[in-house]
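Colleague: Please choose one part of this model and take me through it closely. Start at that part, then work outwards to whatever surrounds it.

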Amino acid sequence: MSPVIRAAVFQTAWTGDKESMIQVHEQAARDAAAQGAQVLCFQELFYGPYFCQVQDPAFYEYAEQIPEGPIVRRFQALAKELGIVLVLPMYEEEQPGVLYNTAAVIDADGSYLGKYRKTHIPQVRGFWEKFYFRPGNSGWPVFETAVGKVGVYICYDRHFPEGWRALGLAGAEIVFNPSATSRGLSAYLWQLEQPAAAVANEYFVGAINRVGVEEYGDNDFYGTSYFVDPEAQFVGEVASDKEPELVVRDLDMAKLREVRDRWQFYRDRAPGAYGPLTAP
């Protein structure tokens with residue numbers, strides 16, 4: 001692991017069609033690599049609108065197999081060309097009628113490392129996700145990438161501390177949280193939960209949220225993507241709440257050992273006392 005990792009997240013608005021959305025993200029990857037970024041994560045369901053504002057089976061067409069589908073293959077080639085690790089939050093079809101909210105992880109040599117499937121699925125006004133996704137069954141994998149150990153936790157997952165901890169126990173050094181979250185619903189939590197998770201689990205978090213109001217509902221996606229360190233300090237400025245933005249930051253990985261030596265949260269855990277937490 002390099003002592004400093006240059007990492008990036010990209011927030012953007014829905015362009016109106018899938019192909020142009022993919023092209024926007026391809027350009028973002030090129031721009032990130034040109035700035036020296038070694039790893040980049042996109043926003044939740046990156047190549048489409050946030051269609052969960054409505055319940056319409058027409059949007060099942062956005063799903064594809066991972067890694068066999070064309071989008072993963074396309075970005076594998078780009079990752080290899082640019083020498084950058086990519087985290088691709090996508091709509092996955094395991095088989096017809098079995099669909100997941102998934103992130104594929106591509107290493108800097110273009111190899112497919114695996115996927116994380118969103119575990120916690122909301123079903124509230126404007127976020128009708130149970131209509132589209134099954135709860136994930138992947139556990140909480142940590143991927144050995146060219147930049148170190150990377151984990152993913154998707155949007156609504158962030159409200160549940162258990163997965164954050166599972167990623168830490170598995171050795172995560174950077175956890176990305178791609179999201180589509182709305183100003184009126186969750187803005188008061190956005191700069192609270194991920195910094196708290198970074199502190200409690202002693203790793204870096206990259207939080208990504210799309211921007212804008214889309215034609216399928218009145219959700220106002222407020223961006224403000226950021227990186228936060230294990231002392232809950234933002235790494236550089238938080239992104240715009242309205243405009244697309246590529247956020248590139250240097251993460252000092254020596255901070256992980258410094259914080260873990262100071263606060264022995266992993267040593268002082270008491271898992272034998274936690275049985276009631278797993279009761280239905």
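**Strand E11 and its surroundings**

Modeller: Start with E11 and its partner E10. The two strands run parallel and are joined by 6 bridges. Keep in mind that this is a predicted model. One position shows the pairing: Ile 174 lies opposite Phe 204 of E11. Parallel and antiparallel strands both pair through backbone hydrogen bonds.

Is E11 buried or exposed? Of its 6 residues, 6 are buried, so the rest of the structure largely encloses E11. Now take the side chains in order. In a regular strand, they alternate between the two faces of the sheet. Phe 204, Gly 206 and Ile 208 point one way from E11. Val 205, Ala 207 and Asn 209 point the other way. Both sets are buried.

Next, the sheet. E11 belongs to an open sheet of 5 strands, in the order E8-E9-E10-E11-E14, with mixed pairing. The edges are strand E8 (142-145) and strand E14 (226-228). Each has a single partner strand, so one side of each has no neighbour in the sheet. From one strand to the next, the twist averages 25°.

On the other side of E10 sits E9, as the strand order shows. Strand E9 (residues 148-152) pairs with strand E10 (residues 174-179) in the parallel sense, over 3 bridges. Here Val 152 has Phe 176 of E10 as its bridge partner. Helix H3 (residues 161-169) lies across E8, E9, E10 and E11. H3 runs at about 150° to E10.

What does E11 give to the nonpolar core? The largest such core has 42 residues. Phe 176, Tyr 203, Phe 227 and Leu 251 have the most contacts inside it. Strand E11 (residues 204-209) contributes the most, with 4 residues. In soluble globular proteins, nonpolar side chains tend to be buried together.

Tyr 203 is worth a closer look. Beyond four places in sequence, Tyr 203 touches Trp 164, Leu 167, Gly 168 and Ala 172, among others. Its contacts also include Val 175, Ala 197, Val 228, Pro 230 and Leu 256. Apart from this core lies another, of 41 residues, including Ala 29, Leu 40, Phe 75 and Leu 86.

Now look at Arg 210. Its charged end sits over the ring of Phe 221, 6.0 Å from the ring centre. Arg 210 also touches Thr 12, as does Val 211. Thr 12 is in the loop between E1 and H1. Thr 12 counts as buried because its relative accessible area is 5%, and the cut-off is under 20%. Other contacts of Thr 12 include Met 21, Val 24, His 25, Gln 43 and Pro 244.

Thr 12 leads to a second sheet. This open sheet has 6 strands in the order E5-E4-E3-E2-E1-E15, again with mixed pairing. Strand E5 (112-117) and strand E15 (245-252) are its edges; each has a single partner strand, so one side of each lacks a neighbour in the sheet. The twist averages 30° from one strand to the next. Helix H1 (residues 18-34) packs on this sheet. H1 touches strand E1 (4-11), strand E2 (39-41), E3 and E15, and its direction makes about 155° with that of E1.

Where does Arg 249 lie? Arg 249 is in strand E15. Its relative accessible area is 17%, so Arg 249 is buried. Arg 249 and Ile 5 are 244 residues apart in sequence, yet their C-alpha atoms are 8.2 Å apart. Arg 249 is in contact with Ile 5, Arg 6 and Ala 7. Arg 249 also contacts Phe 227, one of the residues with the most contacts in the largest core.

At the other end of this sheet, E4 and E5 run antiparallel and are joined by 5 bridges. Ile 106 has Tyr 112 of E5 as its bridge partner. Their hairpin has 5 residues between the strands, and Gly 110 in it takes a positive phi near 90°.

Last, the aromatics. The structure holds 27 aromatic pairs. Phe 51 and Phe 59 form a stacked pair, because their ring centres are 5.3 Å apart and their planes lie at 15°. Both of these Phe residues are buried. Elsewhere, the charged end of Arg 165 sits over the ring of Tyr 266, 5.4 Å from its centre.

Technical notes. Residues numbered from 1 in each chain as written. Predicted model: local features only at pLDDT ≥ 70, side-chain atom pairs only at ≥ 80, totals over all residues. Heavy atoms only, no water. Pairing = 2+ DSSP bridges. Axes fitted to C-alpha atoms, helices over the stretch in contact; angles between N-to-C directions. Contact = heavy atoms within 4.5 Å. Core = buried A, V, L, I, M, F, W, Y, C linked by side-chain atoms within 4.5 Å. Buried < 20%, exposed > 50% of the residue type's maximum accessible area, 1.4 Å probe, protein only. Phe/Tyr/Trp six-rings, centres within 6.5 Å; stacked < 30°, edge-to-face > 60°. Lys NZ or Arg CZ within 6 Å of the ring centre and 35° of its normal.
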